[in-house]
Amino acid sequence: MRIPMIAGNWKMNLTIGAGLELVKSIHYSHRHPGEVDVVVAPPFTAIHSIAEAVKDSYISVAAQNIHWETSGAFTGEISPVFAKDAGAEYVIIGHSERRQYFAETNETVNKKTKAAFAHGLTPIVCVGETLAEREAGRVEEVINTQVTQGLTGLSATNFEKLIIAYEPVWAIGTGKTATGQQAEDVHTFIRELLVKLAGPEIAQKIRILYGGSVNAKNAKELLSFPNIDGALVGGASLKAPDFVEIIKGATA
Ligand code: PGA
């Protein structure tokens with residue numbers, strides 16, 4: 001049994017104060033989330049304050065990115081050691097916005113994923129095709145490359161903890177969600193790839209989240225599919241009532 005995960009990706013939004021308000025109201029408006037892992041990913045500057053604030057709640061904290069080196073002359077970068085030190089337990093890696101605007105490749109995704117594991121962070125590795133790739137019938141080819149290259153060289157223990165997020169680029173922030181069946185088809189394909197990479201037993205343990213315009217209305221249906229093990233939520237994670245509704249959808 002895979003425990004569902006609902007993760008909120010705040011992106012470049014919310015000051016420390018606004019973030020603290022948000023986690024407080026998530027916690028107090030829904031104190032008993034049931035069997036679901038709830039994660040929020042604030043900007044780096046807010047990680048420590050948010051992590052302190054949620055210490056005694058069911059909410060955990062993720063970083064939105066890390067560098068693969070632990071320290072050194074990398075101006076402007078944050079090492080996995082610092083993210084962990086600030087209170088993060090998870091880290092989002094290879095989000096399509098990082099790939100698109102900050103030149104991340106499957107190779108850097110792989111380095112960051114390994115660095116996360118090496119320093120006690122659980123990576124949430126993002127994959128997903130663009131609209132042009134989908135229309136050209138290249139979904140499986142693109143996902144295959146991203147998964148295979150992004151996850152090369154991980155150990156069995158790494159794979160057991162790994163979280164993947166399937167986020168079709170055309171569905172992110174656009175209000176266009178993949179249908180449950182479209183998402184389930186890709187999730188099933190990803191699980192088949194994981195069987196090849198990690199073996200059938202471990203592949204069954206890996207959570208595959210869906211992301212891309214998940215909201216309070218569509219979450220429950222998406223989460224009802226057997227290979228959709230949770231959601232990575234952008235826009236709707238910034239509003240406590242919506243995020244709480246999505247959490248409820250995962251426990252129903
Ligand atoms: P969205 O973003 O929910 O606003 O589409 C999802 C994401 O980018 O993780």
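How many bridges join strand E6 to E7, and do the two run parallel or antiparallel? Select residues 163-166 for E6 and residues 207-211 for E7, and keep in mind that you're looking at a predicted model. The count is four bridges, and the strands run parallel. To see one of the pairings, click on Ile-163: its bridge partner in E7 is Arg-207.

Now stay on E7 and add strand E8, residues 230-233. Here two bridges do the joining, and E7 and E8 run parallel as well. Pick out Gly-211 and you'll find it standing opposite Leu-232 in E8.

Next, show the side chains of E7. Is this strand mostly covered or mostly open? It's mostly covered, with five of its five residues buried. Look at one side and you have Arg-207, Leu-209 and Gly-211; turn to the other and there are Ile-208 and Tyr-210, all of them buried, so both faces are covered.

Time to move to the ligand. Select what surrounds it and you get 13 residues, with Lys-11, His-95, Glu-167, Gly-173 and Ser-213 the closest. Colour that shell by class and you'll get four nonpolar, seven polar and two charged residues.

Zoom in on the ligand's oxygen atoms for three stops:

- His-95: an N or O atom of its side chain is 2.6 Å from a ligand oxygen.
- Gly-173: here a backbone N or O atom lies 2.6 Å from an oxygen of the ligand.
- Ser-213: a polar backbone atom is 2.7 Å from a ligand oxygen.

Finally, switch on the protein surface: on its own the ligand has 290 Å² of accessible area, and the protein covers 94% of that.

How values were computed. Residues numbered from 1 in each chain as written. Predicted model: local features only at pLDDT ≥ 70, side-chain atom pairs only at ≥ 80, totals over all residues. Heavy atoms only, no water. Buried < 20%, exposed > 50% of the residue type's maximum accessible area, 1.4 Å probe, protein only. Pairing = 2+ DSSP bridges. Near = heavy atom within 4 Å. Polar contact = N/O pair within 3.5 Å; in protein donor to acceptor, adjacent residues only side chain to side chain. Areas by Shrake-Rupley, 256 points an atom, 1.4 Å probe, with all protein chains shown as cover. Nonpolar A, V, L, I, M, F, W, Y, C, P; charged D, E, K, R; others polar.
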